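Trainee: I would like to take a close look at a single part of this model. Please treat the matter in one connected account.

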Amino acid sequence: MSAGSQFISSLAKYFRRCCSPFQTLSLRLPPPIPIPLCSSLAAVLCDPEATKARTPLLAFLLRRMRAKGFDTNLGAASELLSVLLSLGGASVAERLGGTTFHLPPAGAGSGPGHAVDGVEYLCEIANAYRKKAPGRGEEEEAVGNIFDALCCCLLVRANQDRFVAAEGTELMLRTVHAAGYARLGALKTLSYALAGNPRTGSALVRGGGLSAVFPAFMGKGEAHTRKTHGPETVPEEQEHAVGIVAALLQLLPPVHRAGDEAGTSRLRLLGKFREAGHEKVHRAVELYISFRDRVNAAALADDSDGEDDDEDSEAARRMRGELRYLRKLDAGLAVLQRLCVIIGALTADGVGNASAVDAGAGGSQPVTEGGVSSLCQELSLACRAKLYEQGGSLAAVADTLQEYASKLEDSIVSGSDESGESSSSAVIAAEAASGPQSASQAAELAYLKRLLPAIQEVSGLGA
Amino acid sequence: MCDHCNASGASRKRSRQDFEQQSPEVPEASIDDADKLDEPTSASNRPGEPSEEEIAAMLAAAEASASEAPSLDILGVKKLLLQLEKKVTKNQLARAKFSDQPSRFLESELELDEDLKKMRVLAAAPELYPVLVSSEALGTLLSLLSHDNIDIACEVVSLLSELTDEDAIGVRSEAMAPLPELDDEEDDDDEIAALAAAQRAREVFLCGLALVEGIASTGGLGLLVQHLGRLDEGRSEEDSQGVYATLGLLQNLAEAQP
């Protein structure tokens, strides 16, 4: 058929033209901007230099999203912004955070408004939905887009700091307490804001965040989430709550001396685990057991159909390993890993002489209070007792953490070294999304590396 | 295969858009448009009285497009593009000559609007996008985004957004997914058909991508963002729809080339 050859000849023409400069174009056009084909269009669209528009796109979108009253265009603007942020990556997130916008006053007036950065602007937009119940359908989608956009922003470290400076943590906590539709989005935002950033951690505890996060951790918000967002989002809420608690245990600095402000945050956190007969410790272990079983089942499921293992080539075996990893991810491996961080931190952090986590930072300096170390001992015992009672073992927790640490190591290496084989590790690299996240990944890895020997020691003592 | 796709695709587009270029009612439809276009540009024009020549020309154009629409090929596209160039030049001349008499250039603007609507048939044949991209018409089309008559600019936006819509060119993640593998040992017709379909989807998407990159490298992104700034939602319903269409188009572009 001739269509095929037509296609090829027209494609050939197109490519020839791509190689030639733009002299054939109409003179009425502005001079074309050379766009490197490797840079994403999302990033170009957000660049006011490249678009030469009087109203840059980001400013337009934010102003449109701030408009009073919902309409279709507000929905479209929020959708485009979240698409731009998720596709444009760090460059768009940095531009949004680093640009000064003029926030129009909340009322109908069109005064000059005050200057804010993009992160604070987005927080202001999210603030409108703190209590308000959005209309069904499009407006709910728009709220989801607003929080997604905020989360994409928070993948950049500088934006996390801007978020803390704009009192975003407090805003999100108020949103969680208000228990409206936006509660789930606020929890998600908090977990992104916390990733690898100790400043957010202490801001969260200072702002009374523990009383907002732990109910979610204990599953007390599930009925509400099921009602507002549908049953399929309940695991999502669980994931965010577990992520926040794990991040807090990782981030909050150890207690060095009595009255030390940073250390008090950790003390408050650990105190929460002691309350009500260690119910939060028990919850962590129970969740761990259920996720462990689920992930193990997923890992075994595909082993059965791979009988002729030894005949297969190296590539096929690696492929199968990758598929198994993806299957485990689907079954909730990420949550399992964070639960292991929680259990590991509770059993080993601050316990024993060689527990590097407590002493690591200060060497011989720390004056650990007797009360603190006995609290740590108590939690460790409670955690181990519950773990054995439920049929788990600390060694299995350590194995999961070990695997997690090596995956983190791989993704950090492949993130910094783009030339790594792309064909086989493409899925994993895509999942790890190199770049903005690597700083928080490195922090997490460093914590794991200090935690693992401590766990070994504790489990050795317990045996 | 291609003919079949074109025909069914074209009829789908038309039924969805109430796109009546093939029927003899075209003159009436354009009169309706005249009413709409009339408001912002001129209050003194008397709509509804096209001359006999015009009617004849429109009928001829309608017949011509009716005969070519079912099987769009390279020549058909080139014809469309040539017509568009002609209408743009005519409109520019009219605007330059009668800059203070909107009624004198209105007619050429209506024709231009008609031609832009006609170009939507392209969406049913994305494999022909490279013809558009490799011609000067793409530059002309994009230059219309800063046309003095904002309705023309809006028409260009909705045309481009239809051409780059996922209904027309597919979704990147699906089109660029690894092709299904064929078992060497046995010839399975279903497998071969699946492979062919996947290959075709990828070709179509690549042509869409060529258009997207063409728009970007011809300065289209800047013009689109500027166009967004020209629209004023407080002014009219058309402006609101224009904002919606522009945001949608920008999203299509960003998603095709992340």
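Trainee: Which residue follows H13(A), and what is the sign of its phi?

Mentor: In this predicted model, H13(A) is followed by Gly230(A), whose phi is positive, near 95°. The helix that ends there spans residues 222-229 of chain A, and its buried residues are Thr225(A), Thr228(A) and His229(A). Viewed down the axis of H13(A), these buried residues fall within an arc of 75°, so they line one face of the helix. The general background is that an α-helix has 3.6 residues a turn, so residues three or four places apart point the same way. Ala223(A) and Lys227(A), by contrast, are exposed on the other side of H13(A).

The buried residues of H13(A) pack against two elements of chain A, helix H10 (183-194) and H14. Helix H14 covers residues 234-251 of chain A, and His240(A) is found in it. His240(A) has a relative accessible area of 7%; because burial requires a value under 20%, His240(A) is classed as buried. Leaving aside residues up to four places away in sequence, His240(A) touches Leu184(A), Leu187(A), Lys188(A) and Ser191(A). To summarise this part, H13(A) turns its buried residues towards H10 and H14 of chain A, exposes Ala223(A) and Lys227(A) on the other side, and is followed by Gly230(A) with its positive phi.

Terms used: Residues numbered from 1 in each chain as written. Chains lettered and ligands numbered in written order. Predicted model: local features only at pLDDT ≥ 70, side-chain atom pairs only at ≥ 80, totals over all residues. Heavy atoms only, no water. Helix = DSSP H or I, 4+ residues; strand = E, 2+ residues; numbered from the N terminus. Buried < 20%, exposed > 50% of the residue type's maximum accessible area, 1.4 Å probe, protein only. Contact = heavy atoms within 4.5 Å. Arc of directions from axis to C-beta.
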